[in-house]
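Student: I should like to learn how to read the features of a protein model. Could you guide me through one?

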Amino acid sequence: MSEPLVSILINNYNYAEYVGAAIDSALAQDYPAVEVLVVDDGSTDDSRRVISSYGDRIVPIFKQNGGQPSAFNAGVAASRGQILCFLDADDSFSPDKVRCVVETFHNEGLNSRPLMVHHLLAMRSDTDSELDGKPFGKTHQSPMNLQSFAHRHRFIWYEAGPTTAISLNRVLADRLFPIPEKGVRISGDDFIVSGAYLLGEVYSLADMLGSYRVHGNNQWFCSDRKKSPEFLSTLQRYLNEKLQKTGNPPLISFDDSIYAWAGLLADGRWLKLAWHMLRISIRDHDRYTAEFVYHTTMTIGMMIMRTLRQRRDLLIRRFGAGGPIL
């Protein structure tokens, strides 16, 4: 088997405490043909000193702060590999990560067509101890492409692990990059993964080939993970433009799909949610939609019961057990 060059792209912002471990894991791969690029997105901590200490063993890229997507763009533009492996600066790779990913790409034709490979991650704490023994990420039948799903349902789910779990071949990277930077600070992997499922073939590995570090400053893990309307609008526009460039019609409309239900549910917009569910059930009329209607209805029921219990408990505290009962 020939050894294609693999680019490991580490994106860093104010993770001086962790970036050294990420770089060490990239340099410790048991696959020989690797270049390690470290993109520092305008850090204000000690990151630049840590990165510079590795000398010519890595390719440092120091830029003004622009957000994670801008760091991805800078790394991809400077990379030379036929395969690109992404690594968040607070995570790490297992020593056999690159070799396993290369084997999968080789088995599927390397650069014969747009391909993405993703795998599971082991969740680790600040002290590198395993948190709960459960892998982090998703697996599915391979290969997978969700363009026909998007054609019917107007959206796609994020069906992969986070940044550290994903790798692309150069053919797919050339189709996806650059990704939008304006108004997007985190979750740049949404653009990569969603684009891969529409424009390429995606393969999942059931192996844990890296670690996802959980700490107090995880910008995505510690957030409510809810995507803003502005983010979804940018993602939708990007995906539809990429589809059109490959001769396909624009397919994505998050507001006109099942995807919108979670936001309507969280905001308590019951009438709009009911109308949305009825309209899409009539339009799509398939088993997948019916199952989603069922699960959403059950969630609504549990929310109502929880609200009633809270009101009951409030009345009991106010009037005592013998007082008015709801």
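Tutor: We shall discuss this predicted model feature by feature.

Student: Let us begin with the interior. Which residues have the most contacts inside the largest nonpolar core?

Tutor: A nonpolar core is a set of buried nonpolar residues joined through their side chains. Here the largest one has 50 residues, and those with the most contacts inside it are Phe86, Met116, Leu168, Leu176, Phe177, Ile192 and Leu198. Helix α7, residues 189-199, gives the most to this core, with 7 residues. Apart from it lies another core, of 33 residues, which includes Ile23, Cys100, Val117 and Leu205.

Student: Which residues does phenylalanine 86 touch?

Tutor: Leaving aside residues up to four places away in sequence, phenylalanine 86 touches Leu9, Phe72, Val76, Phe93, Thr163, Thr164, Ile166, Leu168, Phe177 and Ile192. Phe86 also helps to line the largest cavity, together with Leu9, Ile10, Asn11, Val39, Ala71, Phe72 and Gly75. That cavity has a volume of about 30 Å³. Strand β1 (6-12) and helix α3 (68-78) each supply at least two residues of its lining.

Student: How should I read a helix such as α8, and what covers its buried residues?

Tutor: One may compare a helix's span with the expected value, then ask which residues are buried. Helix α8, residues 229-245, has 17 residues and reaches 24 Å from its first C-alpha to its last, close to the 24 Å expected at 1.5 Å a residue. Its buried residues include Phe231, Leu235, Tyr238 and Leu239, and what covers the buried residues of α8 includes α5, α6 and α7. After α8 comes glycine 247, whose phi is positive, near 85°.

Student: Why does histidine 106 count as partly exposed?

Tutor: The class depends on relative accessible area: buried means under 20%, exposed means over 50%, and partly exposed lies in between. Histidine 106 counts as partly exposed because its relative accessibility is 23%. This residue lies in helix α4, residues 97-107. Histidine 106 and glutamate 3 are 103 residues apart along the chain, and their C-alpha atoms are separated by 9.5 Å.

Student: Finally, consider the strands. In which sense, parallel or antiparallel, do β6 and β9 pair?

Tutor: To read a pairing, one notes its sense and its bridges. Strand β6 (residues 115-124) pairs with β9 in the parallel sense over 9 bridges, and arginine 124 has arginine 213 in β9 as its bridge partner. Strand β5 (residues 92-93), by contrast, pairs with β9 (residues 201-213) in the antiparallel sense over 2 bridges. There, the bridge partner of serine 92 is serine 211.

Conventions
Residues are numbered from 1 along each chain as its sequence is written. This is a predicted model: local features need pLDDT of at least 70, side-chain atom pairs count only at pLDDT 80 or more; totals for chains, interfaces and linings use all residues. Side-chain values use heavy atoms; hydrogens and water are left out. A nonpolar core is a set of buried Ala, Val, Leu, Ile, Met, Phe, Trp, Tyr and Cys residues joined through side-chain atoms within 4.5 Å. Buried means under 20% relative accessible area, exposed over 50%, partly exposed in between (1.4 Å probe, protein chains only). Helices (H or I, at least four residues) and strands (E, at least two) are DSSP runs, numbered from the N terminus. Contact means heavy atoms within 4.5 Å. The expected span of a helix is 1.5 Å times one less than its number of residues. Two strands pair if DSSP finds at least two bridges between them. On a 1 Å grid over the protein atoms alone, a cavity is a set of points where a 1.4 Å probe fits but cannot get out, and a pocket is an open set with protein on both sides within 12 Å along at least five of seven lines; lining residues have an atom within 4 Å of a point. Grid points are joined across faces, edges and corners, and a volume is the space filled by probe spheres set on the points.
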